[in-house]
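Colleague: I'd like to get a feel for this fold before class. Can we go through it with a few quick questions?

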Amino acid sequence: MQPQVPAATTESGVPPVPGPAAGPGPPEPTAGGGRAPRRIPLRAPGPSLYALLLAAALWLYALPRIGFRDMGDYGLLDRLPAAYYLSLLVLTAGFVVALRRAGTAPWWPAAHCAALLCALKAPPAVLYDAVRYPWASKHDAVVATLLRNGELRPGAALSGNMSAYDQWPGFFTLNAGLVRAFGVTGAAAYANWAPIVLGLLMIPVLVLIYRTFCEDWRLVWTAVWIFQLANWVGQDYFAPQGLAYLLHLTVLAVVLRHFVRPGSAGRLRDRGYLDPAAAPVPPATDTRQRAVLVLVLAPLIVAVNATHQLTPVMLTVCLLALSCTRRYRNYGLLAVTGLLMLTWDLTMGRPLFVETLSTVRRSVGELTQNSRAGYAGELTGPGPELAGAANVSMVLAVAALAGAAVVLRRRLTRGALPLLLVSAAPVPLFAVNDYGGEMLFRVYLFGLPGAAFFAAAALVPAAGGSHGSRPKILRRRAAAVALPAVLLVLTAGFLPSYYGKEKMYYTPSAETAMVTRALDNAPDGSLLLAASGSFPQALHRYDRVEHWFFAEQERPENERMLRDPARYLAAGIPPGTRAYVVLTRTQDVYTAGEGLLPPGGFATLRAKLTASPLFRTVESHPYGIVLAYRPGTG
């Protein structure tokens, strides 16, 4: 008799995901002895579709009503209309409902995950008339310089430490080709779409990684959902890190699925030893197959090295961690990865590599210093302070959920131990370097895929029938409430983390135009002075103009500078150099939000420089001022 699909559901209301023996059954035999094609019953669109459509309608209604041009202390948080928040609520409800059919219709939660990505990160791409994150404009400047000069100059001493981009040019050469292919004036035309494009490309890679260790589609899609919510660090913008991160995860996905050593699975082949949601260990590959796969992965690894400085180090430590397991002990791949990294560092990247080695000697073991975030200042203002608190809360929440799953679902952890090791592998880098105040964010980012998986495991109970022990039934009922509640809490944490400092990240087009004019009119060899490099077009013509971002230092030194800023700056300008000071609204917001200047410090700076005979006003607007240095007049 043909087996029937079980009709039971879990106590949480989520039907059990069909296992290998479940499903619609084998095809019916035909009169000729063959098998008829398997028929999968079609189902009418369920509540998840209606929720998806309603969320989209609310989001589209809210979009033109987002007041991004007049943001206050809380960034976009109090400029997002109620319809936007309601769209996220409806989308979350639809996703939870879609999980009920994840085993037989995984495309519904997939559609919700893609919709979440767009709902969270597409508003700036659709609305802004400038590149989000003012410092991202320097990447557009690198692309423009590459197209103008038609060559790389990895050994040149360029202003603003821009030589590193010629030493790791993969991202910029790719975008130079895209600019020409699209026929646009520059990469700024599409730069704000980078988080959405990279995020959509990352979803199948994450699914591939998670399916290596889990057969439960509910858990897989919940992990992808949590990854989207917890990815607030802003490293998926128009920058080399986002592309290198995608390539990094792609290499790991191939390794985890196709580099299992023969005879290494042991008891992991025994289903009774594993969690009901655990996937069987992938088929083993012999030495010859793994050697071929190393050749296949080599171009991807080269691309990682050509794109970003830190990501090859992260990839190497992750592969080293995997090599500590019997299942993935592949020293050949580890050696090739390390050799390719060193080859690049000692050739194209040699200048920065040698410089970094000198800083590593001073930073090794400085855990407190290496784990600092950003510059030396402290976050100030309601929005930045709320964003900082939300950042910490999000990290702790995801870590707590992941830790709970590691402890409570030990049978799942047994099978997914390689993913746990890969997530923990970057943590020791805290002891090595601070990476310009960003090591904290990078370690979190590279550990996030595994953390999201185990956090999802804490929320999605193992599939089972409606019968079971009372404790199991209670756990499933608790999970039915905890899952949507936690997803909503994480959504509430993402918004201030991502948009709480948005006033720093959006720049009016008039400000951008003023800076561009000032730098276009500056003679070659001039010096540009600004409080920080966080303003649009800060490094425009960086190969022809020098830069000094004088407030990016310890706050006590900035307070000393504010006593007589004109003479302080004049003392740092080399004799005979044409110099210009550019102060903008974006710099004001950034230096205040990051605590680089005391309250009112930027206004004091502007007023004193304007009044000084050492500087002549070239342009003055409410959003910024351009001053020319006049030596010998003070």
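Colleague: How many Å does helix 9 reach from its first C-alpha to its last?

Modeller: Bear in mind this is a predicted model, where local features need pLDDT of at least 70, side-chain atom pairs count only at pLDDT 80 or more, and totals for chains, interfaces and linings use all residues. Residues are numbered from 1 along each chain as its sequence is written, and side-chain values use heavy atoms, leaving out hydrogens and water. Helix 9 covers residues 240–258, 19 in number; helices here are DSSP runs of H or I with at least four residues, strands are E runs of at least two, and both are numbered from the N terminus. The expected span is 1.5 Å times one less than the number of residues, and helix 9 comes close to that, at 27 Å.

Colleague: Is helix 9 largely enclosed, and how many of its residues are buried?

Modeller: Buried means under 20% relative accessible area, with a 1.4 Å probe and protein chains only. Helix 9 is largely enclosed by the rest of the structure, because the buried count among its 19 residues is 15.

Colleague: What is the relative accessibility of Phe259?

Modeller: Phe259 sits in the loop between helix 9 and helix 10 (287–307). Its contacts (heavy atoms within 4.5 Å) include Val254, Leu293 and Tyr328, not counting residues up to four places away in sequence. Phe259 counts as buried, at 1%.

Colleague: What separates the C-alpha atoms of Phe259 and Thr287?

Modeller: Along the chain, Phe259 and Thr287 are 28 residues apart. In space, their C-alpha atoms are separated by 9.3 Å.

Conventions:
Buried < 20%, exposed > 50% of the residue type's maximum accessible area, 1.4 Å probe, protein only.
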